[in-house]
Amino acid sequence: MRYLPSWLALLAACAAGQDLSVEEWEPRSTLVVEEHLVPRAKFPVIDVHSHHRSATSPDRLDAIAKEMDALNLAVLVNLSGGYGERLRTTVRNFRGRYADRFAVFANPDFNGIGTPGWPQRAARQLEEDVGAGAQGLKIFKSFGMSIRDPRGERVAVDDPAMDPLFRVCARLNIPVLIHVADPAEFWVAHDSRNERWLELKLRPRRKRSAPPSFDQLIAERDRMLRRHPDVKFILAHMGWQGHDLSKLGKLFDEYPNVHVDIAAVLYELGRIPFSGREFLIRYKDRILFGKDSYAPSEFPYYWRVLETRDEYFEYYRRYHAHWRLYGLGLPDDTLRHIYWKNALRLIPDIDASLFE
Ligand SMILES: [Zn+2]
């Protein structure tokens, strides 16, 4: 090599993989440790955070039910129920075929929010949707970020227009699963210090540069939680505070009506095997299993983090996390709460006979 001209040496170095981009660098682990793959959850599971199209065909539902059996997924909660006619179609398709395996949540119709009469109309619609079989209300993240009133003003998460809707939830005793904000890193500079650099490169539209800030959204959310102590809230994605469990713990201590799901934030729990384990044990009544995107091959990563004490194993979505995961080895009692007990307590009309 030392007899080659320098540009030729450079070329040879590139060919040997010495000039890689960060996206190309995927080092294998040389660590030799015990591995315990968990294809099937130890106890039956209610996935409280799933999305399926209203028109899912009977054949597709049969296939999903088979996949669920293999994973020990007892119940999937379809959060994309819609409202009105679409809600009725979703309930008919899912509950009509497998009443015990699927639950359906309604979504508010935000058209016309900010105009007179909307709060009462939305409340009436929800009542009708619950009458048609909806078992909860899901509010998508567009609420608080992109939904605007007719004057073009952003509708805040604690807007009083939502109060009648929440009063219906309290009266009918149905939970509200709400997604507020996004990972905090989406609001900070997209540079070499950003933990979600790769995601923001691949999905640039997720970057947030205009108001509201992450902190403002969380403050609005907390004011909303305070105003409705009789509504059972489930904050999606650990309220995007899985990276700061002391804050989340304070939230739980302050608001007994607040719960979280762990959908799509496995990478946070999997990097804190000690404090994460303590947290889940301590707040086992407040944490529910959720997955978000329905992909059968990805559920076993959750089982492995929650159930085993495996070390330093791969995660399935590199743009969420460039690090590897550790198992928390949760006790059976904690697992049962996260997997099904809390969901069974919060969501009406789930068949309790599916669980021990
Ligand atoms: Zn979701």
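The expected span of a helix is 1.5 Å times one less than its number of residues. Helix α2 is a good place to apply that rule. This is a predicted model, and α2 in it has 14 residues. From the first C-alpha to the last, α2 reaches 20 Å, close to the 20 Å expected at 1.5 Å a residue.

Now look around the axis of α2. Ile64, Met68 and Leu71 are buried. They cover an arc of only 60° around the axis, which puts them on the same side of α2. An α-helix has 3.6 residues a turn, so residues three or four places apart point the same way. The other side of α2 carries exposed residues: Pro58, Asp59, Asp62, Lys66, Asp69 and Ala70. What do the buried residues of α2 pack against? They pack against β2 and α11, the latter spanning 299-307. Just after α2 comes Asn72. Its phi is positive, near 70°.

Turn next to the sheet that includes β2. Three strands form this open sheet, in the order β1-β2-β3, and the pairing is parallel. The edge strands are β1 (45-50) and β3 (102-104), each pairing on one side only. From one strand to the next, the twist averages 20°.

Take the two pairings in turn. Four bridges link β1 and β2, in the parallel sense. Ser50 has its bridge partner in β2, at Asn78. Between the two strands, the chain crosses from β1 through helix α2 (residues 58-71) to β2. This β-α-β crossover is right-handed. On to the second pairing: β2 (residues 73-78) and β3 run parallel and are joined by three bridges. Two residue pairs can be followed here. Leu76 has Phe102 of β3 as its bridge partner. Val77 has Ala103 of β3 as its bridge partner.

Is β2 enclosed or open to the outside? Six of the six residues of β2 are buried, so the strand is largely enclosed by the rest of the structure. In a regular strand the side chains alternate between the two faces of the sheet. One element covering β2 has already been met: the buried residues of α2 pack against this strand. Helix α3 (residues 84-97) also lies across β2, and across β3. The helix runs at about 165° to β3.

Further along the chain is another sheet. Five strands form it, in the order β4-β5-β6-β7-β8. This sheet is open, and its pairing is parallel. β4 (137-139) and β8 (287-288) stand at its edges, each with a single partner strand, so one side of each is left without a neighbour in the sheet. Inside the sheet, β5 and β6 (residues 233-235) pair in the parallel sense over three bridges. Leu177 has Ile234 of β6 as its bridge partner.

The loops deserve a look as well. Ser192 lies between β5 (176-178) and α6 (197-202). Is Ser192 buried or exposed? A residue is exposed if 12 or fewer other C-beta atoms lie within 10 Å of its own. Ser192 has 7 other C-beta atoms within 10 Å, so Ser192 is exposed. The C-alpha atoms of Ser192 and Leu137 are separated by 39 Å. Along the chain, these two residues are 55 residues apart.

The loop after α6 holds a backbone feature. Pro212 is found there, between α6 and α7 (214-227). The peptide bond from Pro211 to Pro212 is cis, with omega near 5°.

Two further residues have a positive phi. Trp240 has a phi of about 55° although it is not a glycine. Its place is in the loop between β6 and α8 (245-254). A residue is buried if 20 or more other C-beta atoms lie within 10 Å of its own. Trp240 has 26 within that distance, so Trp240 is buried.

Asp349 is not a glycine either, and its phi is positive at about 60°. Where is Asp349 placed? Asp349 sits in the segment after α12 (332-346). With 12 C-beta neighbours inside 10 Å, Asp349 counts as exposed. The two positive-phi residues thus sit in opposite classes: Trp240 is buried, whereas Asp349 is exposed.

Definitions and conventions: Residues numbered from 1 in each chain as written. Predicted model: local features only at pLDDT ≥ 70, side-chain atom pairs only at ≥ 80, totals over all residues. Pairing = 2+ DSSP bridges. Axes fitted to C-alpha atoms, helices over the stretch in contact; angles between N-to-C directions. Contact = placed C-beta atoms within 7 Å. Right-handed = clockwise from strand over helix to strand, strands pointing away. Arc of directions from axis to C-beta.
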